[in-house]
Amino acid sequence: MAIDALVISEIDSFYGDSHVLHRVCVTLREGEILALLGRNGAGKTTTLSTTMGWLKPRHGSIAVFGEQIGGLAPENIVQKGVALVPQGRRIFPSLSVRENLAVAEIKRKGGNRPWTMERVFDTFPRLRERKSQTAGSLSGGEQQMLAIGRALMSNPRVLLMDEPSEGLAPQIVAEVGRIIASLREEGLSILLVEQNLELAMTLANDVVILNTGRVAASGKASDIAADQEVLDRNLGVF
Amino acid sequence: MTRFASMRGWALTLIALAMLPFILPSDYYLGIATHALVIAVLALSLDILIGQGGMSSLGHAAYLGVSAYAVAWTTRNAGWPAYAAIPFALALGTLTACVFGVLALRARGLGFLMITLALGQVMWGAAYRWVDLTGGDNGIRMQARPVLLGFDLNNATNFYIIVCAVLLTTLIAIYKLDHSALGACLRGTRDQPRRMRMLGHDVWKIRFVGFVSAGFWGAVAGVLYAYDYLYVGPSALSLPQSAEALLMVVLGGAGTLAGPVAGAIVITVIKTVVSSYVDRWYTLLGLTFIIVVSVMPKGLVPGIRSWMKGNRA
């Protein structure tokens with residue numbers, strides 16, 4: 001029986017006394033994309049923060065390929081094979097493109113095509129052209145590519161992406177979408193948090209919708225996309 | 001500044017340094033130049049902490065002092081040859097940095113500054129009071145410089161050349177560190193420690209490695225210091241020595257290779273040459289510092305670079 005890539009099971013998370021996530025469950029299967037959707041403040045980023053170890057869940061468990069990671073420090077969770085492409089890119093603006101990638105490199109045993117700087121440059125040729133430039137001088141789209149490339153440099157088994165299309169021009173959004181799809185084809189498991197519903201539904205195999213910190217709906221992307229009532233009630237769009 | 005312009009600047013500086021023994025009128029002035037370059041090594045080592053790691057220290061002279069005392073004590077009191085005394089001094093200085101690092105890196109910012117200040121003062125107090133080991137206020141006086149690789153270092157020009165070579169080695173090593181993955185990690189930790197954790201790094205370990213590297217080069221400065229002055233006293237690891245090194249880095253420009261060297265030269269010249277003519281030279285030093293940081297907040301070297309860039313544009 002195949003082991004799921006990421007299993008978030010009944011987690012409760014708090015910011016101080018504020019109860020943000022209520023028994024949230026998410027299951028990401030290996031080699032698939034799961035889109036985590038919801039309005040602003042629904043708890044999407046909090047779910048990612050809890051998975052990455054920035055917030056300790058007060059209830060529930062988180063497992064990566066069967067290995068418990070709930071309660072570990074963020075740096076240890078990354079070593080277990082989880083990488084995050086954060087919202088707003090969060091690159092190092094004073095470091096060069098090459099240095100941004102170099103600081104993220106984690107070599108892992110096994111794996112037939114490990115991510116190296118050269119491979120990132122092959123995937124994002126524009127970064128190769130700008131490899132000596134400081135990252136702060138890149139355009140928004142290039143910074144997003146750098147943020148994705150940086151996450152890939154740790155050779156993750158599970159990639160968490162927090163709104164990778166935010167603030168990008170439509171052409172760049174399409175390019176980012178193509179890259180995410182190609183990463184799935186290579187077998188990477190991706191948890192995608194996205195406000196761009198069209199992009200999310202196009203890419204995702206499964207969808208989980210959060211509403212005020214609770215799972216409001218989950219299922220196949222095609223089923224959720226066809227359920228107008230669920231979308232209207234939880235996302236207020238379409 | 002383009003890479004070519006930067007290389008040209010360094011080449012001209014190295015040529016100027018190589019010419020100094022032939023230009024300066026006496027060994028006295030060559031001695032001052034030697035002092036400046038020895039202290040430049042200390043300032044460069046401190047800049048690993050400040051410029052790359054974002055950690056301002058007020059106890060950095062401790063590594064210079066410990067290493068200088070180690071050279072002086074082992075050669076004078078134990079009769080060790082320089083070949084044994086120098087590695088021992090470097091190891092002891094670096095070990096001191098390891099201990100300081102474990103204690104000081106528990107804090108950040110002002111807390112870190114205060115812990116380094118306190119640790120530096122503990123070392124100064126030990127040097128001042130532990131008379132049997134350090135000679136107390138009288139310090140340890142050395143007989144002569146050694147002969148190394150056929151070079152008699154008692155000759156002022158020979159010693160100056162050795163100091164230049166060590167300074168060049170220090171510059172290359174720090175340049176390599178700055179351009180390595182470790183250097184990028186150190187700067188990443190300085191700017192965004194949380195992001196570094198998000199990439200799987202143990203931020204404390206990175207800071208510790210940077211701290212100990214800085215301590216090692218501080219110890220290198222200590223070996224040169226001992227042979228330069230042929231005397232080591234408590235002032236070698238005093239607070240003014242640490243504060244002066246900090247001043248050199250800030251004055252010249254933190255995070256630049258040339259900055260700490262320029263800062264060390266300016267302050268040494270004010271301290272040794274100008275003080276011969278002006279009684280209130282500390283006032284002059286203070287005024288120089290205020291003027292430079294007012295006009296060039298990032299320091300002399302970045303300030304001059306941006307001024308030249310502005311003039312070219």
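This report describes the strands, helices, domains, cores and chain contact of a predicted model.

**Chain A: domains**

The domain assignment divides chain A into domain 1, which is made of residues 6–81 together with 157–235, and domain 2, which covers residues 94–150. The C-alpha centres of domain 1 of chain A and domain 2 of chain A are 23 Å apart, and the contact draws on seven residues from domain 1 of chain A and five residues from domain 2 of chain A. On the side of domain 1 of chain A that touches domain 2 of chain A, six residues are nonpolar and one is polar, with no charged residue there.

**Chain A: strands and sheet**

Strands of a sheet pair through backbone hydrogen bonds, in either a parallel or an antiparallel sense. The table sets out three strand pairs of chain A, each with an example of residues that stand opposite one another.

| Strand pair | Sense | Bridges | Opposite residues |
|---|---|---|---|
| β1(A) (residues 6–15) and β2(A) (residues 18–28) | antiparallel | seven bridges | V7(A) and T27(A) |
| β1(A) and β4(A) (residues 59–64) | antiparallel | five bridges | I8(A) and I62(A) |
| β7(A) (residues 158–162) and β8(A) (residues 189–193) | parallel | five bridges | L159(A) and I190(A) |

Strand β1(A) thus pairs with β2(A) and also with β4(A). Between β1(A) and β2(A), which form a hairpin, there are two residues, and G16(A) in the turn has a positive phi of about 65 degrees.

The pair β7(A) and β8(A) belongs to an open sheet of six strands, whose order in chain A is β6-β7-β8-β3-β9-β10 and whose pairing is mixed. At the edges of this sheet are β6 (82–85) and β10 (214–220) of chain A, each of which pairs on one side only. Neighbouring strands of the sheet are turned against each other by 15 degrees on average, with direction ignored.

Two helices of chain A lie across strands of this sheet. Helix α1(A), residues 44–52, lies across β3 (33–38), β6, β7, β8 and β9 (206–211) of chain A, and runs at about 145 degrees to β7(A). Helix α6(A), residues 140–152, lies across β6 and β7 of chain A, and runs at about 175 degrees to β6(A).

**Nonpolar cores**

The largest nonpolar core has 80 residues, and those with the most contacts inside it are A40(B), V41(B), A43(B) and V223(B). Helix α2(B), residues 27–52, gives the most to this core, with 14 residues. When residues up to four places away in sequence are not counted, V41(B) touches V166(B), L167(B), T170(B), W217(B), V220(B), A221(B) and L224(B). Another core lies apart from the largest one and has 76 residues, among them L36(A), I69(A), V120(A) and I148(A).

**Contact between chains A and B**

Where the two chains meet, 14 residues of chain B are in contact with 17 residues of chain A. On the chain B side, the elements that give two or more residues are α8 (181–191) and α9 (193–198) of chain B, and α8(B) gives the most, with six residues. This side of chain B is mixed in character, with five nonpolar, four polar and five charged residues.

Terms used. Residues are numbered from 1 along each chain as its sequence is written. Chains are lettered from A and ligands numbered from 1 in the order in which they are written. This is a predicted model: local features need pLDDT of at least 70, side-chain atom pairs count only at pLDDT 80 or more; totals for chains, interfaces and linings use all residues. Helices (H or I, at least four residues) and strands (E, at least two) are DSSP runs, numbered from the N terminus. Ala, Val, Leu, Ile, Met, Phe, Trp, Tyr, Cys and Pro count as nonpolar, Asp, Glu, Lys and Arg as charged, and the others, Gly among them, as polar. Domain bounds come from an automatic or database domain assignment. Two strands pair if DSSP finds at least two bridges between them. Axes are lines fitted to C-alpha atoms, for helices over the stretch in contact, and angles run from 0 to 180 degrees between N-to-C directions. A nonpolar core is a set of buried Ala, Val, Leu, Ile, Met, Phe, Trp, Tyr and Cys residues joined through C-beta atoms within 7 Å. A residue is buried if 20 or more other C-beta atoms lie within 10 Å of its own, exposed if 12 or fewer, and partly exposed in between; C-beta atoms are placed from the backbone.
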